[in-house]
Structures are given as C-alpha cells and as structure tokens.
Amino acid sequence: MICKELNHSQCKTYLVACEDTRRAVLIDPVRANIDRYLALLAYHALALDAVIDTHTHADHPSGASWLQEWTDTRLIMHTRAPTPKATEHVDDGDIVKVGGLELRVLYTPGHTPDSISLYIKDRVFTGDVLLIGGTGRADFAGGDSGEQYDAITEKLFTLPGDTVVYPAHDYRGNSFTTVGKERQTNPRIAGKSRQEYIDLMASIDFPLPSKIQEVLQPNQTAIDDDAIKFPNLVQLNEVRQLAPQEVQLKLMGDPAPVLIDVREPDEYNGELGHIEGSRLIPLKELPARMKELDNQQDREIIAICRSGVRSTTAAALLTGLGFAHVHNLKGGMVDWNVHRLPVQRRS
Ligand SMILES: [Fe+2]
C-alpha cells in the first residue's frame, strides 16, 4: 500500500493507493492543490479511482467535486453529505474498494452530521473527529459533542492501540498519532465521562473560521459562481426547521403547503425519491425561476433537499425575497426515508 500526506500543512490530504493495480484514492483534497495532486498521480503512474471527503469542510474549499468532474472519478461521502456532487453515499460498515485495498467506513458524527473515518489495515483516517491531542469542534450547525464522544470512545478507541491515526488537520506540526496514545493522553477526552466532555466542549470559545460562509456554501451546494447571493449565518439560523412527521401532518391540511424540492433532477428521481406533489426547482436555478412562485408569497412553503442543508439555504433565500411562511424539511429526504414516509420514485 502506498500512503502519503500531500499537503504538509494544517489541512491534510492523503493519497492511498494499491501498489499492484496502481489505483488510488485521495482523501480530503484541497482545491488549491488539485494541479499538484494530478501531477503527482501521473508521475507515480497511479489512476485516480475515488475521491473521499471525510465530511463537509468549513475551513477550506474542497477539491473533491472538481476532481470528480475533471477526471470522472467517484466522489464518495457519507449519506448525510449535502453536496449534489457525491456519486456514491456510504454509511457505517460499508467497504470502499480501491484496487486490492479495502477501506472500512466508520460513521463518526459529532464534528458534522456527515463525518466518517476510514479504517484500512493498521491505520485510520479520522477527518476532524479525532485529532492529534485534540478533537474537532462540535459547535457548527449539526455538530454534537455527545455524538462525537460516542463516536470516538465506541468506534475509534476500540480499534487496536497501535492503529496509526491520520487526522484531517493538525495545527502544531505533527503528522500522526496512535489510537493507544490518544486513548491514554488526549487532553480533551481521555478518562472523561460523556457529560464531562460535553461540558468541556461547551466551555471552549472557538473562533469562527474566516470567510466560513464563502467556503461552506460552495462545499455544501457545489455552486461556486455569482448566480446566488448566499444567505448569512443569522439568516440560515432563523429558518424554521420541521421534522418529517410535522411536514407529513401539514400535508394533510387544506390548503396543503407548497413543496419546493431544490435538488438536482437526477436526485429527485434517484434512490431517495421525492414527495408527491413537490415541485423541482434546483437551488442554482431558484433565483432565475422566482416568477414561477408569483402569488405564493403568503402561502406556506416547505423547502426540501437531500439532507436539509441546501434547502435551508433555499428557505432563507425565499424568506429574504418576501415569502412570509417558509420552512425547511429537517434532515431532508434522508430523514424522510428513515421515517418510512411515502415517496415517489419517478416524476
Ligand atoms: Fe472540518
């Protein structure tokens, strides 16, 4: 197995490749370095078989969707990842095959709802969940320090002690650690109860990454042009979130709310299906298609997408344009399906 860290900086990207088949996977590629990655793959005669983002990054533009588009490779993320560009979704226990290599997916939420770790042979890539002498922040939207505690103590810390840990970030110049070392000495979590960890994380005043919305929105939506003026964090936080059951109840009302599904057409007709009567207006087309919603300003509107992130953006946009009663389907069609509510598979 070939395994290299490619950035040698605070944001880490890993190249993992099968020596026999020369097939490679890039884990957490940074957009600014795409040219370098492609040159390196060519130099080592490696074919890019897959790109994996361990989660939706908030602190740097991801290169994953660009690499997927340019090289037609697979883009693999957790099933709750919001981007429409993922070509394969994985969940806990799934195996990602790259040539003769097998990477086992561990669902390790907490930093974000779509965080995964990747376990292969004697090493584990932990994204921003478990860091070297630290853990990832859990205060972003969808973050949950209790879930993070469970993921680290029940999944990562139960791996063999000599398993090498490669995180997605390190701010002190370190490159790796081991499960055993973190289990014993990690100052955030070693020896702490779940409640002690939650209290500790709540007490830390993490600064917001600079330009967080400018980075996060393209990573979440794959829209990276001026077509949309994205809402700010305050506007996003003001969107009223409705659980799937609440939406289902509203659908029985008269008049029923207007359902706007902002995914791409292939997702609308894809594995998760769509809610009967929902109108497909992909997020990137929403500003140009506002005329279709004329006279709906006072109607109740519910925005829908895959995991509830893109649709929160859509709901905030509509609210900003004067629509008075816009809500969001929390957890999107992923949670709608988890609750086994009715879907249509084709339009
Ligand atoms: Fe992160």
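What covers the buried residues of H10? The tour comes to that helix after a look at the whole chain. The model on the screen is predicted.

**Stop 1: the two domains**

Colour residues 2–203 one way and residues 226–338 another; the domain assignment calls these domain 1 and domain 2. The C-alpha centres of the two domains are 30 Å apart. Where they touch, domain 1 contributes 5 residues and domain 2 contributes 8 residues. On the domain 1 side of this contact, the residues divide by class into 3 nonpolar, 1 polar and 1 charged.

**Stop 2: helix H10 and its cover**

Select residues 310–320, which form helix H10. Of the 11 residues in H10, 10 are buried, and the helix is mostly covered. The buried ones are Arg310, Ser311, Thr312, Thr313, Ala314, Ala315, Ala316, Leu317, Leu318 and Thr319.

Now show what lies over them. The cover of the buried residues of H10 includes three helices, H6 (212–221), H7 (233–237) and H11 (332–338), and three strands, E16 (258–261), E18 (300–304) and E19 (325–329).

Before leaving, step just past the end of H10 to Gly322, where phi is positive, about 105°.

**Stop 3: helix H6**

Keep H10 on display and select H6, residues 212–221. In H6, the buried residues are Leu216, Asn219, Gln220 and Thr221. H10 is included in what covers them. Just after H6 comes Ala222, with a positive phi of about 65°.

**Stop 4: two helices that cross**

Hide the previous selection and show helix H3, residues 145–156, together with helix H5, residues 194–203. Two packed helices are described by the angle between their axes and the distance between the axes. For H3 and H5, the axes come within 9 Å and cross at roughly 130°. Because of that angle, H3 is oblique to H5. The crossing of H3 and H5 is right-handed.

Which residues of H3 and H5 make the contact? From H3, pick Ser145, Gly146 and Tyr149; from H5, pick Arg194, Tyr197, Ile198 and Met201. Sorted by class, the contact of H3 with H5 has 4 nonpolar, 2 polar and 1 charged residues.

The spacing of the picked residues can be read against a general rule. An α-helix has 3.6 residues a turn, so residues three or four places apart point the same way.

**Stop 5: His60**

Select His60, in the loop between strand E4 (47–52) and helix H2 (64–71). Is His60 buried or exposed? The cut-off for a buried residue is 20 or more other C-beta atoms within 10 Å. His60 has 21 C-beta neighbours inside 10 Å, so His60 counts as buried. Leaving out residues up to four places away in sequence, His60 touches Cys11, Val30 and Val215. For a longer view, draw a distance from the C-alpha atom of His60 to that of Glu182: the two are 122 residues apart along the chain and separated by 26 Å.

**Stop 6: Cys3**

Go to strand E1, residues 2–5, and select Cys3. Cys3 counts as partly exposed because it has 16 C-beta neighbours inside 10 Å. Apart from neighbours within four places in sequence, Cys3 is in contact with Tyr14 and Val16. Another distance to draw runs from Cys3 to Arg263; these residues are 260 apart along the chain, and their C-alpha atoms are separated by 36 Å.

**Stop 7: backbone details in three loops**

Start with Asp28, in the loop between strand E3 (23–27) and helix H1 (34–43). Asp28 is not a glycine, yet its phi is positive, about 55°. With 27 other C-beta atoms within 10 Å, Asp28 is buried.

Next select Lys121, in the loop between strand E9 (116–120) and strand E10 (123–127). Lys121 is also a residue other than glycine with a positive phi, near 55°. Around Lys121 there are 13 other C-beta atoms within 10 Å, so Lys121 is partly exposed.

Finish at Pro255, in the loop between helix H8 (244–251) and E16. Where is the cis peptide bond? The cis bond runs from Asp254 to Pro255, with omega near 5°. E16, at the end of this loop, was part of the cover over the buried residues of H10 at the second stop.

Notes:
Residues are numbered from 1 along each chain as its sequence is written. This is a predicted model: local features need pLDDT of at least 70, side-chain atom pairs count only at pLDDT 80 or more; totals for chains, interfaces and linings use all residues. Axes are lines fitted to C-alpha atoms, for helices over the stretch in contact, and angles run from 0 to 180 degrees between N-to-C directions. Helices (H or I, at least four residues) and strands (E, at least two) are DSSP runs, numbered from the N terminus. Angles under 35 degrees count as roughly parallel, over 145 as roughly antiparallel, 65 to 115 as roughly perpendicular and the rest as oblique. A crossing is left-handed if the near helix is turned anticlockwise from the far one by less than a right angle, and right-handed if clockwise. Two residues are in contact if their C-beta atoms, placed from the backbone, lie within 7 Å. Ala, Val, Leu, Ile, Met, Phe, Trp, Tyr, Cys and Pro count as nonpolar, Asp, Glu, Lys and Arg as charged, and the others, Gly among them, as polar. Domain bounds come from an automatic or database domain assignment. A residue is buried if 20 or more other C-beta atoms lie within 10 Å of its own, exposed if 12 or fewer, and partly exposed in between; C-beta atoms are placed from the backbone.
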